[in-house]
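Me: Could you take me through one part of this protein closely, namely the helix nearest the start of the chain? After that I would enjoy a connected tour of whatever else is worth a look.

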Amino acid sequence: MNDEWDVVVIGGGGAGMAAAVSAAERGASVLLLESQHELGGSTQLSAGMFTAAGTSVQAALGIEDSAERFFQHYMDLNQWLLNPGLVATFCEQAGPALEWLIGLGVEIPAVRSGNAHTPGLSQAGVEDVWRGHVPKDQGLGLVQVLAAACRTGGVEIVLGTRVQRLLERDGRVTGVVADDVEVKAGAVVVASGGFAHDPELVARYYPAATRAGDALFVVAAPGSQGDHLRFGEQVGASVAGDGWGLMLPTAYFQRLHHWQSGFPPKSRIHVNGQGRRCMDEDASYAVSGGIIEAQGGSVWSIFDERARLTLPPGYAHWTAEVVLAEAEAGRTVRVGSLPELAARIGVPADTLVATVDRWNDQLPRGRDDDFQRHRTLASKGSTEPPEPIDQAPFYAVRTLPAELVCTHAGMEINADAAVLDERGEVIPGLYAAGEAGAGILGARYVGGGNAIANAITMGRIAGRNSARTARH
């Protein structure tokens, strides 16, 4: 390993590899340092969905879309709490970044997909135009293509090496210290992920996650240890995204990504503390976490014996056997009638009975006048309506935002992916992307593929601009 490089990239997930490839494409010598013993980070653990507008995949399906339309939706969903200039750049560059990935070898077929695990174009969140691009082989496919591009571009990759601190001289970042060795660089890109695996940082920068209590579990990569915040503190970087992150609603007994844990039964109803239905049970996690928080932090997912028995086998948690075991242990409520169920979960019996009766009168008939779930099911490719909830015994499972996916607090960046200090001025020689570079992932996660698009798009921008800085 040389002791001087044009660009040093910290982190080998999607953002870091995109930065490394982009910098190498512009002739820079690039060193990528990854704390873990393999590349991929949280990108490798994801479905790989990439949210973008105005793409060749959309065009091939006859879908008209634009960066301007994407920007409007993105800002509206986040109540305009984000920096419009930064978000505009992201929305403008996400499409080209996706085309760049396709050019590198990522395969995204021009077909409609009903979920985040079938390659094609899917509905990412609550957008009116589908923007969720699902690649072949999921997040692993993205990582394999980017890793190959790193090798082709001459990027030197060192695994199992955690950067201890940044080097500075006269207010400029000039390299890093890793394994007690100083490595000089013309520019540094921090792409070390978030802080989901550091409980103290979670309590400080995303305390909402701690409300899940014992139900909380983390699905981010092990390297998400908050190094970016420590680097930022060292150089006086501004922090953006404080208090924001992504928590997916799950059953209290889940502990893995949903495609490993399994999925709750289609025939289920979510009721609040008053015994009333309060949401579309399949609402996108772009909004479902907020809906549940507005109901006091959790809801009851209610289903019947028929629904339990039709759960597919092969998953870790949502199976007929696991639900039965949870009921036998007394952690999942199971009783013989809806009035008994109401008593056990502390809601008015007449309200719960009326709520389930109304659900049974609508969803099994293919419509949902109250919450329009029939539209959500259609978007997921579900052709058969749910069965009625009417076969005893009945079950109630506590459901709440408990799956910590990503954290949004990090070093504030501008549209060039350059890190800003507390005055809003650029810190020379320092760039950031992904969860480490904050300002794009907001209070409301726009939908599946938001974090991947942010990582790849801003990583590519960081690599391009760090190479320019290093070579001038």
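Reply: Happy to help; what follows begins with the helix and then moves on to strands, unusual backbone spots and empty spaces. Please keep in mind that this is a predicted model.

Helix α1 covers residues 14-25, which makes 12 residues. At 1.5 Å a residue, a helix of that many residues should span 16 Å, and the end C-alpha atoms of α1 are indeed 16 Å apart, so expectation and model agree. Is this helix enclosed or open to its surroundings? Of its 12 residues, 11 are buried, so α1 is largely enclosed by the rest of the structure. The buried residues are G14, A15, G16, M17, A18, A19, A20, V21, S22, A23 and A24.

M17 makes a good landmark, since its place is in helix α1. Buried here means under 20% relative accessible area, and M17 has a value of 0%, so it counts as buried. You can also use M17 to gauge a distance across the model: G424 is 407 residues away along the chain, and the C-alpha atoms of the two are separated by 27 Å. Just after α1, the backbone does something you may want to look at, as G27 takes a positive phi of about 85°.

Now for the strands on either side of the helix in the sequence. Strand β1 (residues 4-10) pairs with β2 in the parallel sense, over four bridges. Within this pairing, I10 stands opposite L33 of β2. Strand β2 itself takes in residues 30-33, with V30 and L32 pointing one way and L31 and L33 the other way. All four of these side chains belong to buried residues.

Another group of strands forms an open sheet. Its three strands come in the order β3-β5-β4, and the pairing is antiparallel. Which strands stand at the edges of this sheet? They are β3 (50-51) and β4 (120-122); each has a single partner strand, so one side of each is left without a neighbour in the sheet. Three bridges join β4 to strand β5, which consists of residues 132-134. One pair to find on screen is S122 with its bridge partner in β5, G132.

A few backbone details turn up in loops. D170 has a positive phi of about 55° although it is not a glycine. D170 lies in the loop between β7 (163-169) and β8 (172-178), and with a relative accessible area of 78% it is exposed. A417 likewise has a positive phi, near 65°, in a residue other than glycine. A417 is found in the loop between β17 (410-412) and β18 (418-420). Is A417 buried or exposed? At 0% relative accessibility, A417 counts as buried. There is also a cis peptide bond, running from A392 to P393, with omega near 0°. P393 sits in the loop between α15 (373-379) and β16 (394-407).

Next come the empty spaces. Rolling a probe the size of a water molecule over the atoms shows where empty space is left. The count comes to one cavity of 30 Å³ or more, and the largest cavity has a volume of about 40 Å³. Its lining is made of T407, H408, G434, E435, G437, A438, G439, I440, L441 and N454. Sorted by class, the lining of this cavity has three nonpolar, six polar and one charged residues.

The second largest pocket has a volume of about 290 Å³. It is lined by 19 residues, and those nearest its centre are Y206, G245, G290, A443 and R444. The elements that give two or more residues to this lining are β12 (245-251) and α10 (288-294). Helix α10 provides the largest share, four residues. By class, the lining of the second largest pocket has 11 nonpolar, five polar and three charged residues.

Finally, here is how the record divides the chain. An unreviewed UniProt entry lists residues 6-451 as "domain: FAD-dependent oxidoreductase 2 FAD-binding". In the model, the end C-alpha atoms of residues 6-451 lie 27 Å apart, and the span is 32% helix and 22% strand.

To return to your request, helix α1 is largely enclosed by the rest of the structure, with 11 of its 12 residues buried.

Terms used
Residues are numbered from 1 along each chain as its sequence is written. This is a predicted model: local features need pLDDT of at least 70, side-chain atom pairs count only at pLDDT 80 or more; totals for chains, interfaces and linings use all residues. Side-chain values use heavy atoms; hydrogens and water are left out. The expected span of a helix is 1.5 Å times one less than its number of residues. Buried means under 20% relative accessible area, exposed over 50%, partly exposed in between (1.4 Å probe, protein chains only). Two strands pair if DSSP finds at least two bridges between them. On a 1 Å grid over the protein atoms alone, a cavity is a set of points where a 1.4 Å probe fits but cannot get out, and a pocket is an open set with protein on both sides within 12 Å along at least five of seven lines; lining residues have an atom within 4 Å of a point. Grid points are joined across faces, edges and corners, and a volume is the space filled by probe spheres set on the points. Ala, Val, Leu, Ile, Met, Phe, Trp, Tyr, Cys and Pro count as nonpolar, Asp, Glu, Lys and Arg as charged, and the others, Gly among them, as polar. UniProt positions are given in the numbering used here, feature names are shortened, and annotations may be inferred rather than shown by experiment.
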